[in-house]
Amino acid sequence: MRASPGPAGPSSSVAPGGGAVRGEHWWPVAVAVVSAALLHVALPVSYRVDPVWVVPVVLFALLVALVVGDPGRIDRQRTWLRVVTETVIAFITASNLYAGIHLVSDILTNNKLFADNATGLLATGGVTWVTNVIAFALWYWDLDRGGAAARAHRPATGPAFVFPEMQHTAYAPAGWVPRFADYLSLSFWTATAFSPTDVSAVKRWAKLLMMVEAATSLIVATLVIARAINILQ
């Protein structure tokens with residue numbers, strides 16, 4: 001629940017230690033969701049969900065509902081907000097899975113769509129890979145410690161990931177809490193290094209989710225690059 005308006009402002013909440021804690025802004029998450037929608041539209045026709053407007057319109061409508069339902073900073077703990085948030089992430093994941101399956105299938109069956117177009121193949125693979133990074137970043141962000149709103153009220157409760165700032169407190173502000181950018185960085189390095197980097201997963205579901213992301217990225221990257229090299233040769 002929101003704390004009553006006081007000196008810290010109407011959208012602030014009170015931490016267990018008595019200090020004011022404010023939720024993170026919506027705009028980084030909104031940029032990620034809109035980017036995922038635009039990337040899907042940029043895919044070849046056979047890889048997109050039809051009709052072409054479905055993915056951007058659905059994601060935009062759900063995003064507006066989230067911002068209206070929790071205006072300002074993310075700190076309202078409502079069941080319907082969590083359901084809509086996870087619906088957005090699941091929709092991005094499902095639409096990108098649709099594209100990824102078609103891409104892998106076309107590569108393995110020597111589909112003629114990219115028979116002599118290595119650039120197109122690499123671009124399509126890149127779009128799928130980037131969307132995958134965004135999708136997993138959103139999952140990490142939403143599932144860790146019960147989501148962004150829960151972290152605004154109970155920042156230290158049951159973390160699934162241990163970030164460097166949590167261990168090296170001399171180099172981070174007091175009461176540091178991860179934001180979406182931190183989860184995006186975690187997702188990016190998991191997809192490129194295929195392993196944990198400076199962030200440690202300490203819960204089993206987090207470890208398994210990172211394994212799924214690394215495996216997905218490895219399969220897509222390996223197949224796309226190998227096929228592109230074959231075309232160029």
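Helix 1 (27–41), helix 2 (54–69), helix 3 (79–108) and helix 4 each contribute at least two residues to the lining of the largest cavity in this structure, which is a predicted model. Within that lining, the largest share, three residues, is supplied by helix 3. The cavity is bordered by Trp26, Val29, Val33, Leu63, Leu66, Thr85, Val88, Ile89, Leu138 and Trp141, and it holds about 50 Å³ of space. In character, the lining of the largest cavity is made up of nine nonpolar residues and one polar residue, with no charged residue.

In general terms, empty space of this kind is revealed by rolling a probe the size of a water molecule over the atoms. Two cavities of 30 Å³ or more were counted in the model. The second largest cavity encloses about 40 Å³ of space, and its lining is formed by Asp106, Ile107, Asn111, Phe114, Leu121 and Arg227. For this second largest cavity, the lining residues divide into three nonpolar, one polar and two charged, whereas the lining of the largest cavity includes no charged residue.

Aromatic contacts were examined next. The structure contains nine aromatic pairs. In one of them, the ring centres of Tyr140 and Phe161 are 5.3 Å apart and the ring planes meet at 70°, so the pair is classed as edge-to-face, given that planes over 60 degrees apart count as such. Because Tyr140 belongs to helix 4 (residues 118–143) and Phe161 to strand 3 (residues 161–162), this pair ties together parts that are 21 residues apart in sequence. Tyr140 and Phe161 are both buried.

A further edge-to-face pair is formed by Phe188 and Trp189, with a distance of 5.0 Å from centre to centre and an angle of 80° between the planes. Phe188 has a relative accessible area of 33% and is therefore partly exposed, and Trp189, for which the relative accessible area is 41%, is likewise partly exposed; the category applies because both values fall between the limits of 20% for buried and 50% for exposed residues. The two members of the pair between helix 4 and strand 3, by contrast, are buried.

Beyond individual pairs, ring pairs join Phe136, Tyr140, Phe161, Phe163, Trp176, Tyr183 and Trp205 into a cluster. Tyr140 and Phe161, the edge-to-face pair described above, are thus among the members of this cluster.

Terms used:
Residues are numbered from 1 along each chain as its sequence is written. This is a predicted model: local features need pLDDT of at least 70, side-chain atom pairs count only at pLDDT 80 or more; totals for chains, interfaces and linings use all residues. Side-chain values use heavy atoms; hydrogens and water are left out. Rings of Phe, Tyr and Trp (its six-membered ring) pair if their centres lie within 6.5 Å; planes under 30 degrees apart count as stacked, over 60 as edge-to-face and the rest as tilted. Helices (H or I, at least four residues) and strands (E, at least two) are DSSP runs, numbered from the N terminus. Buried means under 20% relative accessible area, exposed over 50%, partly exposed in between (1.4 Å probe, protein chains only). On a 1 Å grid over the protein atoms alone, a cavity is a set of points where a 1.4 Å probe fits but cannot get out, and a pocket is an open set with protein on both sides within 12 Å along at least five of seven lines; lining residues have an atom within 4 Å of a point. Grid points are joined across faces, edges and corners, and a volume is the space filled by probe spheres set on the points. Ala, Val, Leu, Ile, Met, Phe, Trp, Tyr, Cys and Pro count as nonpolar, Asp, Glu, Lys and Arg as charged, and the others, Gly among them, as polar.
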